[in-house]
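I opened the file to take notes on one chain. The entries follow the order in which I looked things up.

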Amino acid sequence: MDRFDAFRALDDRRGRPGGRLIEALAAVRADTADSPEVWAPATAAGVGLPAAAALGPASYYADLAAPHGGRHVRICAATACFAAQAGRHLDDVERELGVDADAVSPDGATSLQAVRCLGYCYAGPAALDGDTPCTGPTLAGQLGGREPPRVPEIPVADETGNPVLLGGVVAGEPTWQVWPRMVTTGSADRVQLEVAASGLRGRGGAGFRVAAKWEAAGRAPGTVVVVNGDEGDPGSYADRLLMEAEPEQVLEGLALACFACGAERGVILVRSEYPLALARMREAVGQAYADGHFGPSVHGTDTTLDVEVVQGAGSYVAGEETALIASLEGDRGCARPRPPYPTRRGLWDAPTVVNNVETLASVPWIVSRGGEAYAERGVPGETGTKLVCLSERFARPGAYEVELGTPLVRIVNELGGGLKEGAELSSVQVGGPLGGFLAADALDVPLTSADLAARGAALGHAGLVAFDQRVPPEELLRHIWQFAAAESCGACSPCRVGSRRGLELASAGAPPGPEWGRLGRVLAEASLCAFGRRIPPAVHSLARAYGDRLRGWES
């Protein structure tokens with residue numbers, strides 16, 4: 001056996017998508033509070049791998065590294081839940097359960113894991129008790145058994161008059177109307193042309209033209225389409241909404257994407273923090289096979305399409321497409337250098353197209369009604385609609401479908417109704433933890449990537465987290481650095497070391513000075529991926545939003 005064959009055999013034992021290694025590690029972790037060094041080597045041996053192959057992911061992914069007691073509680077420590085009670089909910093829950101975050105009680109009965117978004121940003125603070133969500137001001141009482149779990153539905157509203165994404169949710173529009181017709185009487189070229197005419201861009205944050213990404217794969221043999229359901233931006237729950245309420249729409253978009261790309265295989269990764277979405281997607285895939293939408297001869301044609309659903313293991317950076325591919329291969333979810341780009345060499349070296357959930361959910365509407373009709377919405381260069389998610393601090397939190405270009409001030413004041421209880425708005429975080437902050441008097445900006453970037457923010461997943469006067473800007477600054485230090489994948493030194501140094505300085509209350517400037521330049525210029533590069537702009541935008549209260553940080 002030559003070296004290539006040996007590596008391929010190693011890959012085969014590691015597991016194709018579905019991550020037999022990750023699944024095996026997760027199964028063992030669920031029953032132990034021991035550190036990975038104790039149990040990971042034996043798990044690796046059980047699937048024919050060396051110890052290091054298991055120790056890497058077991059110590060990297062949050063779900064595998066965190067100890068598990070008989071009762072495992074995940075508490076959200078992300079931005080929207082932090083804003084809801086200025087971070088006090090974590091202390092309250094620790095006292096209620098008698099265990100610190102990321103630890104297990106001495107008797108092994110209860111463990112508490114701090115995670116950085118559960119998708120309940122509209123009703124925070126939030127926790128998952130096992131897979132049971134608990135939310136709201138009485139969170140500690142719910143976890144203590146004094147109150148029943150509070151699990152509100154996601155409020156949704158369409159502001160376009162003809163929804164693209166929320167048709168099934170708000171109007172009851174049927175699904176699986178486009179795919180059977182296209183696979184039997186249409187063509188892959190037709191799907192590609194309509195998506196190209198629509199101007200659709202990726203909704204996961206990068207904003208790359210979808211048709212261009214599909215074209216780059218070139219319909220090469222073995223092409224795979226991956227659905228990125230690893231929505232990790234605190235403040236956004238659009239993908240959770242679509243996967244739970246409209247899984248068929250997501251799957252139909254995946255089928256059309258596979259058709260356009262000449263792919264016979266689709267993989268859906270759903271983050272572990274979304275247990276209901278995971279269950280709904282798996283159920284919908286099973287039903288799609290039963291109804292002939294997937295399988296070896298789709299609707300009696302010679303088209304083959306196999307689809308599987310994979311559970312994530314807890315990592316923000318694993319939402320980046322190359323890191324996501326690494327996680328599907330059973331490795332640590334770290335960003336990889338590009339080129340080669342995934343459309344040439346991606347999952348198991350096959351050409352791979354990665355699209356996020358909301359992106360693919362738009363495709364059936366585009367193919368059915370035409371790309372030109374979609375392009376009439378939004379603004380030139382950034383067409384179509386977007387799901388905007390408003391956090392718990394708003395008077396009317398929820399998910400709103402709006403056209404791109406809608407003024408942010410209208411979304412905040414008219415759709416969101418300003419802040420609840422008449423609280424005064426201090427700032428709005430747009431586009432996730434590494435997006436940007438805008439002051440209350442700086443919201444006269446259209447909801448587009450270009451316009452937000454010009455103001456030092458980012459579109460991202462379009463989550464809006466509101467902050468009122470109760471949250472001191474110094475604590476918010478420290479919160480940003482806590483997130484950066486906790487979620488850095490560690491693949492490159494600038495981000496790994498820089499994020500921790502930033503947290504040290506912010507926690508110590510260090511005044512702005514030359515070291516902050518040097519740190520920002522290193523992170524922005526030398527980080528391997530956008531995670532590290534976006535930290536300095538996020539910090540600078542916060543400083544600009546709060547003016548004199550953080551004077552000097554913007555320099």
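These notes go from the whole chain to its cores, one helix, some loops and one strand.

**Entry 1: overall form**

I noted at the outset that this is a predicted model. I counted the secondary structure and got 24 helices and 17 strands in the chain. I then looked up the radius of gyration, which is 23 Å, close to the 24 Å of the globule rule for 555 residues, so the chain is as compact as a globular protein of that length. For the extents, I found that the C-alpha trace spans about 65 × 55 × 50 Å along the principal axes of the chain.

**Entry 2: burial, contacts, surface**

I asked what percentage of the 555 residues is buried. The figure is 58%. I next looked at contacts with a separation of 6 or more, and 69% of them join residues 24 or more positions apart. The exposed area of the chain is about 20,700 Å², with 51% of it from carbon and sulfur atoms. I also looked up the charges: 51 are positive and 68 negative, and the mean positions of the two sets lie 4 Å apart.

**Entry 3: the nonpolar cores**

In soluble globular proteins, nonpolar side chains tend to be buried together. I therefore searched for nonpolar cores in this chain, given that general tendency. The largest one holds 124 residues, and I asked which of them touch the most other members. They are Trp 214 and Ile 268. Helix α14, residues 247-261, supplies the largest share of this core, with ten residues.

I then listed the neighbours of Trp 214, leaving out residues up to four places away in sequence. Among them are Ala 257, Ala 260 and Cys 261. The list also includes Val 191, Gln 192 and Val 195, and further along the chain Val 353, Asn 355, Leu 360 and Val 363.

I found a second core, separate from the largest, with 24 residues. Tyr 400, Leu 425, Val 428 and Leu 452 are among its members.

**Entry 4: helix α17**

Two of the contacts of Trp 214, Leu 360 and Val 363, led me to helix α17, which runs over residues 357-369. I asked how many of its 13 residues are buried. The count is eleven, and the helix is mostly covered. The buried set includes Leu 360 and Val 363 themselves, along with polar or charged entries such as Glu 358, Thr 359 and Ser 362. Trp 365, Ile 366 and Val 367 are also in the buried set. Just after the helix, Gly 370 has a positive phi of about 105°.

**Entry 5: the loop between α15 and β9**

I moved to the loop that joins α15 (275-290) and β9 (306-311), where Pro 296 lies. Is Pro 296 buried or exposed? Its relative accessibility is 68%, and the cut-off for exposed is over 50%, so Pro 296 counts as exposed. Leaving out residues up to four places away in sequence, I found that Pro 296 touches Thr 303 and Thr 304. I also took one distance: from Pro 296 to Leu 550 is 60 Å, C-alpha to C-alpha, across 254 residues of sequence.

His 299 is found in this loop as well. Its phi is near 50°, positive in a residue other than glycine. With a relative accessible area of 29%, His 299 is partly exposed.

**Entry 6: the loop between α16 and β10**

Here I looked up Pro 339, in the loop between α16 (321-328) and β10 (352-356). The peptide bond joining Arg 338 and Pro 339 is cis, with omega about 0°. Asp 349 is found in the loop between α16 and β10 too, and has a positive phi of about 70° without being a glycine. At 40% relative accessibility I logged Asp 349 as partly exposed.

I recorded another cis peptide bond, from Gly 124 to Pro 125, with omega near 0°. Pro 125 sits in the loop between β3 (110-115) and β4 (126-129).

**Entry 7: Leu 464**

I ended with Leu 464, in strand β17, residues 463-468. Leu 464 has a relative accessible area of 0% and is buried. Its contacts, not counting residues up to four places away in sequence, include Gly 235, Val 388, Leu 390, Phe 394, Ile 411 and Val 430. Val 428 is another of its contacts, and Val 428 belongs to the second core. From Leu 464 to Leu 328 I took 30 Å, C-alpha to C-alpha, with their positions 136 residues apart in sequence.

Methods. Residues are numbered from 1 along each chain as its sequence is written. This is a predicted model: local features need pLDDT of at least 70, side-chain atom pairs count only at pLDDT 80 or more; totals for chains, interfaces and linings use all residues. Side-chain values use heavy atoms; hydrogens and water are left out. Helices (H or I, at least four residues) and strands (E, at least two) are DSSP runs, numbered from the N terminus. The radius of gyration is taken over C-alpha atoms; the globule rule is 2.2 Å times the number of residues to the power 0.38. Buried means under 20% relative accessible area, exposed over 50%, partly exposed in between (1.4 Å probe, protein chains only). Contact means heavy atoms within 4.5 Å. Accessible areas come from the Shrake-Rupley method with a 1.4 Å probe; for residues, only the protein chains shown count as cover. Lys and Arg count as positive and Asp and Glu as negative; His and the chain ends are not counted. The place of a charge is taken as NZ of Lys, CZ of Arg, CG of Asp or CD of Glu. A nonpolar core is a set of buried Ala, Val, Leu, Ile, Met, Phe, Trp, Tyr and Cys residues joined through side-chain atoms within 4.5 Å.
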